[in-house]
Amino acid sequence: MLKVSEIRMDYLKKPMGVTKLPQLGWILESEKRNVSQKSYQLQVSHKRDFSNILYDSGIIESDESAHVFIDGIQLESACKYFIRVKVTDNYGETSLWSQSESFVSALLSNSEWQASFISAETKEDAENSKGTYLRKAFEIKGKVKEAYAFTTALGLYKLYLNGKKVGKDELTPGWTSYNKRLLYQPYDMTDMLKDGENALGAVVGAGWYKGVMGFEFQRNHYGNRTAFLGQFYIKYEDGTSEIIVTDDTWKGSDSPILFSEIYDGEIYDAALEQEGWNESGFCDQTWRSVEVVDYDKANLTAQPGSTVKEIEEVKAKRIFVTPKGDTVIDFGQNMTGWIHFKVKGQKGDKVEINCFEILDADGNVYLDNLRAAKETLVYICSGEGEETYHPSFTFQGFQYAKIASYPGEPLLENFTAYAVHSDMEPTGTFECSNKDLNQLQHNILWGLKGNFLDIPTDCPQRDERLGWTGDAQIFCRTATYLMNTYTFFNKWLKDVAADQTPEGGVPHVVPDILSGKCDDNWLLKKGTHSAAAWADAAVINPWTLYLTFGDKKIIEEQYDSMKAWVNFMRRHSHDGIWNYKLQFGDWVALDAEEGSYFGATPNDLTCTAYYAYSTGLFAKMSKYIGKVEDYEEYDSLHKEIVEGFRRHFFDKDGNMTANTQTAHVVALYFNLVPEAYRQKTAETLVKLIEKENGHLVTGFVGTPYICHALSQNGHTKEAYDLLLKDDFPSWLYQVKMGATTIWEHWDGIKPDGTLWSPDMNSFNHYAYGAIGEWLYRVVAGFEIDEENPGYKHAILHPQLGGNLSYVKASYQTVYGNLAMNWEVEGNIVTMKVYVPHNTTATLYLDQAKEVLESDGLTFADHTSGKAALAGSGIYSIKFKR
């Protein structure tokens, strides 16, 4: 039976805050093989039962079940819409109507904002980071049909209605380039209203907006006092409506949050709680008047999804005493989030918890790698029975927590941690016969969870936690396998564009709080931006989203940003060679000089390699959205850059002028090697690895691509060998040392238990987790056809090796679940393949000499073995190699 099982809108389920009709996609289910869609019909209604149809597409002849756009309907602000679809397949079968899915529109124009930003702070509060309360009582005038809140803050906020928190979001409105872009969050509050008097409340904190952030420990980056904005729509059954707004009639007060900042944690005095402050009937006569704060509401943008939430509970594993006598909780997993705890104490008793990542070589608390960050929670008891607490406006990176103070005996069941990160649907799974690789996959995933907290940070624990563009760029493809990152990266890329210089340069971190902050600091000097591999996130990340989702809209939205970056490089290049001011090069490569973080590969080479790569990708994207003139111009520029690269970095005998692993990696992976020298270059890379006893010595630039450079050029065995090394330096060395996330340095903890320099030694730093891409693309074999992206036509080409006896992997594409299970026994390989409906796949059998069971597929000889075209369905294949 043909069925439409799911509907996505802009790759989300039930998005809130839609300002334009979303692009739609759905998944087909059928027990048949080779199913393709022939037509669809869409309907839109205000009512779940579709008794009032606003739009009916009629039958549309199309095979597209993703990236479907609706024309002919005008949205209204603050309304819920329902969508359903039915389809007909190539067998002539027509499905029933799908279950309806809904979305809620936001304010369609910023001119509709009637609310004002209000603050319970004054200008005298510029130097503190306390929390403040805001409240407003109001009357409900009839039976409510629907009600929606649209809220944001300069700072961080939590919204309450009638004493209950509205929504499950945390750390809203997140971090954007606040003075250029500020997100607001929509909430459905229909079921939270009651007859008679109701009360709205908000608690607001400093957050990224005015708290201390950055290397110079400056505060007030965006403003010197917090403020809250809310507009609340109430629609009644009788057809009337009203809007409640934040204005100078609201009241404000200090909250029990005495201090809360991103780096240092939170201090909360429960004795200062005001019972019922966010409920009706509360007496707020002693509260002060609020002040209206100026902010340009033209910068406001609705956030439809991927907000930060408490995602996963992690129970405490043990409480123990260190050799130095400290009481410590071990949660068994390095993570980002916070701790919930329970306590009974007298009024004024204090709980103090210091969060940290690792124990030192002697098993004691190790705080040095936090640098100046305190990561400390302080709770002062009210004395009112059992009390519960978790912080509101901060987060910690930790596996351990030192209990510096606690009234009574700290019991294991009193402490529970929660992983806190942006809400993204898991999409990829990977399991194999090698338990260390499975742990590596776990570590990569938890590195993502730990650093995708509203923006892609470098690390979650020390006094940094910034949106480093280089980390986000090299990990992007891996991230897209692990989770649905479209909305997350789409949001961040808007800030990349917003923070670009007028000339098109891209900051090192986004949101940018570093550029021009301090002329005495080499990293913060005015004009310091646009590092190769870092700034190229402006092009590579949209390209990765296009490949993964088949989405042209991201190209269109980021087009001007991408073009500006490529033109910036062109403007500052000389004879085809691009280099510019401060470059990080092959950052923290092991071939760096003693005491340096800068790898041995010349900046001219790495910069020009990325100049070529980004320009080539931009040319392709120009073609895919029909910008023919731009395609011709930038395709020609790409060829010129490649020619210049070859002229400068290869000698007459085809040897690279830089004899480093990274030089050979980027030349191969970015297709910069003259074809006549490709095999020679690959063999030289192998020799350079052999020279290091089979190890890599690459940094940020070379590491993500080194296994690809090998496997794409006839050296899959050497790629597996490199992956499976388990002594320093290697991915599995960290696994053997007990890591639960990816480390910043290959030897963050040395074999003898001593530690790398504390000035830069994060144990939750996802960048080197970019090897996850190779696990999915090569080991599992999930590859993308650039001409049919989004896995509309998948390339399934697992390359066997590494003495693996089995691999089980899956990836949830926009069309459905794509899966590959392979098993090796002697020279016999068994595969089970799942191809989503309305797609096709080319299946390659690596090293196949004879197909024993084809399950209806027709295999032909191929350079790598055998190959066949498969329609949708499940296939079981067996072959001899």
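At which residue does α3 bend, and by about how many degrees? In this predicted model, the bend falls at Cys476 and amounts to about 55°. Helix α3 covers residues 469-482, 14 residues in total. From its first C-alpha to its last, α3 reaches 19 Å, close to the 20 Å expected at 1.5 Å a residue. The helix is also mostly covered, with 14 of its 14 residues buried.

A second helix, α6, spans residues 553-571 and contains Tyr559. The relative accessible area of Tyr559 is 5%, so this residue is buried, the cut-off being under 20%. Apart from neighbours within four places in sequence, Tyr559 is in contact with Phe618, Ser622, Ile625, Lys627 and Asp630. With Asp630 there is a polar contact between the two side chains, at 2.6 Å. Ile625 is 66 residues from Tyr559 in sequence, and the C-alpha to C-alpha separation of the pair in space is 9.9 Å.

Turning to the strands, an open sheet of six is arranged in the order β13-β12-β15-β10-β18-β21, with antiparallel pairing. Its edges are formed by β13 (164-165) and β21 (288-289), each of which pairs on one side only. The partner of β21 is β18, residues 251-254, and the two are joined in the antiparallel sense over two bridges. Gly252 stands opposite Arg288 of β21.

Strands β1 (residues 3-9) and β3 also run antiparallel, joined by six bridges. Lys3 has Glu29 in β3 as its bridge partner. Strand β3 comprises residues 24-29; five of these six residues are buried, so the strand is largely enclosed by the rest of the structure.

Several loop residues were also examined. Ser77 is located in the loop between β6 (60-61) and β7 (80-89). Its relative accessible area is 14%, and Ser77 is therefore classed as buried, for which the value must be under 20%. The side chain of Ser77 reaches the backbone nitrogen of Leu108 at 3.0 Å. When neighbours within four places in sequence are left aside, the contacts of Ser77 are Ser105, Ala106, Leu107, Leu108, Glu112 and Lys235.

Two asparagines in loops have a positive phi although neither is a glycine. For Asn162, phi is about 50°. This residue is found in the loop between β12 (156-161) and β13. For Asn803, phi is about 55°, and the residue lies in the loop between β40 (793-796) and β41 (806-813). Is each asparagine buried or exposed? Asn162 counts as buried because its relative accessibility is 16%, where the limit is under 20%. Asn803 counts as exposed because its relative accessibility is 81%, where the limit is over 50%.

Cis peptide bonds were found ahead of two prolines. One joins Val510 and Pro511, with omega at about -5°. Pro511 is placed in the loop between α4 (486-499) and α5 (537-549). Another joins Phe728 and Pro729, with omega at about -10°. The loop that holds Pro729 lies between α12 (716-724) and α13 (731-736).

Terms used
Residues numbered from 1 in each chain as written. Predicted model: local features only at pLDDT ≥ 70, side-chain atom pairs only at ≥ 80, totals over all residues. Heavy atoms only, no water. Helix = DSSP H or I, 4+ residues; strand = E, 2+ residues; numbered from the N terminus. Expected span 1.5 Å × (residues − 1). Bend = angle between axes of the 7 residues up to and from the residue. Buried < 20%, exposed > 50% of the residue type's maximum accessible area, 1.4 Å probe, protein only. Polar contact = N/O pair within 3.5 Å; in protein donor to acceptor, adjacent residues only side chain to side chain. Contact = heavy atoms within 4.5 Å. Pairing = 2+ DSSP bridges.
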